[in-house]
Amino acid sequence: MIRIQDIIDKVLFYHPEADTDLINRAYVYSARVHEGQVRLSGEPYLLHPLEVAGILADMRLDETSIAAGLLHDVVEDTHTTIEQLSQDFGPSLASLVEGVTKISELTFQSSQERQAESIRKMILAMSNDLRVILIKLADRLHNMRTLQFHKEERQLGIAQETLDIYAPIASRLGIYWIKTELEDLAFMHLDPEKYREIERLVAARKDEREKYIGSVRDIIEKKMAQAQIQAHVKGRFKHFYSIYSKMLSQRLAFEDVYDLVAFRIIVETVANCYEVLGIIHGTWRSIGHKFKDYIGHPKPNMYQSLHTTVIGPAGERVEFQIRTKDMDEVAESGIAAHWSYKEGNRADEQTRKTFAWIQNIVEYQQSVQDPAEFLENVKVELFPDEVYVFSPKGEVITLPTGATPLDFAYAIHSQVGNQCIGAKINGRMVPLRTELKTGDSIEILTSKNQHPSKDWLHLVKTAKARSRIRQWIKTEERERSLALGRELTEKAFKRHRLSLASAVKGDKIGEVLDSLGYKTVDDLLAAVGYAKISPLQILRKFVPQKQIEEEARAKAEALAPVEQALERQKSPSGVTVKGMDGILMRLAKCCSPLPGEPIVGYITRGQGVTVHRMGCVNTQALDPMRRIDVEWGKSTAETYPARLLVSAMDRVGLLADLTAAISQCKANIVSANSGAVGEDNIANALFTISVSGKKELESVVKALRNVPNVQQVKRV
């Protein structure tokens with residue numbers, strides 16, 4: 001167990017003038033208010049804030065941040081208030097604690113809404129003081145280290161959120177040691193079998209690799225001594241999740257992942273970096289497309305280094321990273337290495353510009369209500385790789401990898417994006433779907449008659465472009481829905497010899513709006529057009545209930561045969577709209593949701609409600625106003641189709657083993673197609689199976705992954 005004195009010693013090592021009294025007072029306060037509380041592990045709760053403060057000290061943060069780490073849970077878990085913290089420890093510390101305090105007191109309809117709102121609050125706090133996210137990362141890191149004490153379902157949720165949000169944030173901030181540990185811990189819980197397999201394979205070759213590292217280090221150190229360059233050489237294994245990601249992305253077996261070993265060479269000057277690069281390339285044959293100059297072109301998080309991969313001793317690929325001591329400090333600590341806290345200083349202007357992406361998230365998400373859309377946009381902003389392109393005036397614009405001319409147009413101005421009709425890259429006309437490359441010069445062609453379309457959502461990568469396109473589509477949808485709602489409501493009123501125009505001008509309209517939950521008449525009528533409410537609900541407020549019931553009874557008798565036919569068709573999916581019956585439902589073919597999976601419904605014109613899996617990419621183009629809450633009904637004997645793509649190293653009997661694994665899970669194979677084996681000896685098989693729900697599908701996936709030589713099992 002880490003002690004408070006250990007933390008203070010760390011702080012004094014890198015900041016001898018630190019106010020250790022503040023840290024001691026925070027420790028005493030935390031110990032007092034957390035007294036008697038225990039964690040799920042059975043250990044005293046105080047261990048958690050101590051470990052968080054220790055991680056912050058490893059990041060070399062100021063004493064206020066360390067103290068905030070000791071107190072980060074007191075508002076949530078004790079009777080302490082932000083006002084008390086401000087009085088006892090100052091407004092700066094209180095602000096940090098408030099920024100990282102969880103929002104468990106808020107109530108949300110779904111876990112996704114809770115996650116979205118928690119991250120939204122975190123991003124807003126980050127925009128004011130980046131130390132908030134550094135404390136949050138330390139908190140998440142220690143929670144991941146002790147995740148095994150949670151229930152399995154909770155472990156999976158926290159691990160997936162860590163992999164989706166927190167590890168990319170650590171990468172974006174340049175804190176790679178936290179990024180890699182978060183990824184490995186998340187991987188260990190999300191796919192323990194693959195994790196243990198890679199762990200075993202790495203351990204089996206550990207002695208051999210350590211000898212190889214030693215021999216290569218000896219060669220480099222001799223070369224450095226001959227060139228009279230002071231250098232520190234470190235060799236390391238790649239972390240497990242990095243190996244796993246490479247195996248997946250390049251469809252490799254573990255034995256085919258050659259660059260498991262990477263070397264870091266730390267020198268005194270920038271000139272030395274390029275000298276060492278020349279020596280490395282002069283000693284071993286380089287792989288041209290593997291060379292990256294991040295000194296001349298730093299990453300957005302200020303990371304600088306030379307990266308090269310060569311064919312080293314014994315014909316093995318070896319990766320080298322060459323950097324100065326200052327660059328290495330930035331590579332290890334990221335934003336923390338560029339942030340001066342002494343005497344209360346704030347981050348310098350250059351640092352603020354470098355991390356302007358945080359402010360971008362804040363700006364683009366203010367009008368986003370849909371949690372799925374918000375999380376999607378946050379993930380887009382966390383893309384680690386970016387391209388640098390030029391405007392016609394020579395201005396450098398930074399965009400995520402895969403960005404198109406439309407992203408560039410919206411980065412220039414929203415109006416330029418909305419009116420974009422074409423683009424020129426390096427003087428040549430190109431389609432709007434063309435991916436931009438670093439160094440491209442972009443010119444956008446516009447027309448006042450042009451408007452965004454839903455198809456554009458499939459062409460853009462940036463959150464700003466998505467947000468502006470959706471905003472325009474939403475405005476257009478609202479205008480159409482308002483016109484339709486007005487027309488339907490007017491017809492309903494006319495059937496009862498009433499005037500809608502007179503009704504909305506009367507005294508009763510305010511009472512009607514309040515009872516139905518709308519602020520304006522336009523909001524009310526637009527809701528009718530969106531099919532959120534019916535004209536009959538409005539009419540009931542103006543016409544006696546008895547009269548409406550008599551007319552409805554007569555209409556029902558006339559339409560009884562039609563209603564019976566619809567009843568036979570409705571909800572074959574076992575899905576119901578929360579709080580409503582008798583609505584026609586159909587499962588979306590694009591994502592084929594299964595019972596047990598989170599789902600969302602979208603109201604369509606004339607086809608009832610279409611049910612998608614939560615997060616389905618095709619819902620991105622749908623109007624959030626047409627979204628409706630749906631849920632799976634009681635269990636039925638129905639089965640549902642699911643498609644699985646299996647990639648495996650080809651061998652005799654592979655297809656027979658795959659089909660046997662599916663059959664053992666008692667799942668019916670509807671169809672099976674196997675593709676040709678490529679040069680990499682990878683065979684792909686596409687199965688359509690019939691399952692009762694999510695749990696049965698998961699058992700099939702697990703069984704397929706256990707088949708020898710299987711590299712990946714993916715639902716498509």
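Is C273 buried or exposed? In this predicted model, C273 is buried, its relative accessible area being 0%. C591 also counts as buried, at 6% relative accessibility. Zero disulfides are found when the whole structure is searched. For C591, the nearest cysteine sulfur belongs to C616 and is 3.8 Å away; because a disulfide requires sulfur atoms within 2.5 Å, C591 is in no disulfide.

The nonpolar interior was examined next. In soluble globular proteins, nonpolar side chains tend to be buried together. The largest nonpolar core of the model comprises 71 residues. Within this core, the residues with the most contacts are I66, L71, L137 and I198. When neighbours within four places in sequence are left aside, L137 is in contact with Y166, I169, A170, L173, I175 and L182. Another core, of 32 residues, lies apart from the largest one; among its members are V575, I603, A642 and V646.

Aromatic side chains provide a further set of associations. The count of aromatic pairs comes to nine. In one of these, the ring centres of F187 and Y195 are 5.6 Å apart and the planes stand at 70°, so the pair is edge-to-face. F187 and Y195 are both buried. F187 also forms an edge-to-face pair with Y241, with 5.9 Å from centre to centre and 65° between the planes. Since F187 belongs to helix α11 (residues 176–190) and Y241 to helix α14 (residues 240–249), this pair ties together parts that are 54 residues apart in sequence. Y241, like F187, is buried. Ring pairs join F187 and Y241 with Y195, F240 and Y244 in a cluster. A ring is also involved in an interaction with a charged group: the charged end of R32 sits over the ring of Y29, at 4.9 Å from the ring centre.

The strand arrangement was considered last. An open sheet of mixed pairing is formed by four strands, which follow the order β13-β15-β14-β16. Its edges are occupied by β13 (585–587) and β16 (627–628), each of which pairs on one side only. Strand β14 (residues 599–603) runs antiparallel to β16, and two bridges join these strands. Across this pairing, Y602 stands opposite R627 of β16. I603, at the end of the range given for β14, is one of the residues of the 32-residue core.

Conventions
Residues numbered from 1 in each chain as written. Predicted model: local features only at pLDDT ≥ 70, side-chain atom pairs only at ≥ 80, totals over all residues. Heavy atoms only, no water. Pairing = 2+ DSSP bridges. Buried < 20%, exposed > 50% of the residue type's maximum accessible area, 1.4 Å probe, protein only. Core = buried A, V, L, I, M, F, W, Y, C linked by side-chain atoms within 4.5 Å. Contact = heavy atoms within 4.5 Å. Phe/Tyr/Trp six-rings, centres within 6.5 Å; stacked < 30°, edge-to-face > 60°. Lys NZ or Arg CZ within 6 Å of the ring centre and 35° of its normal.
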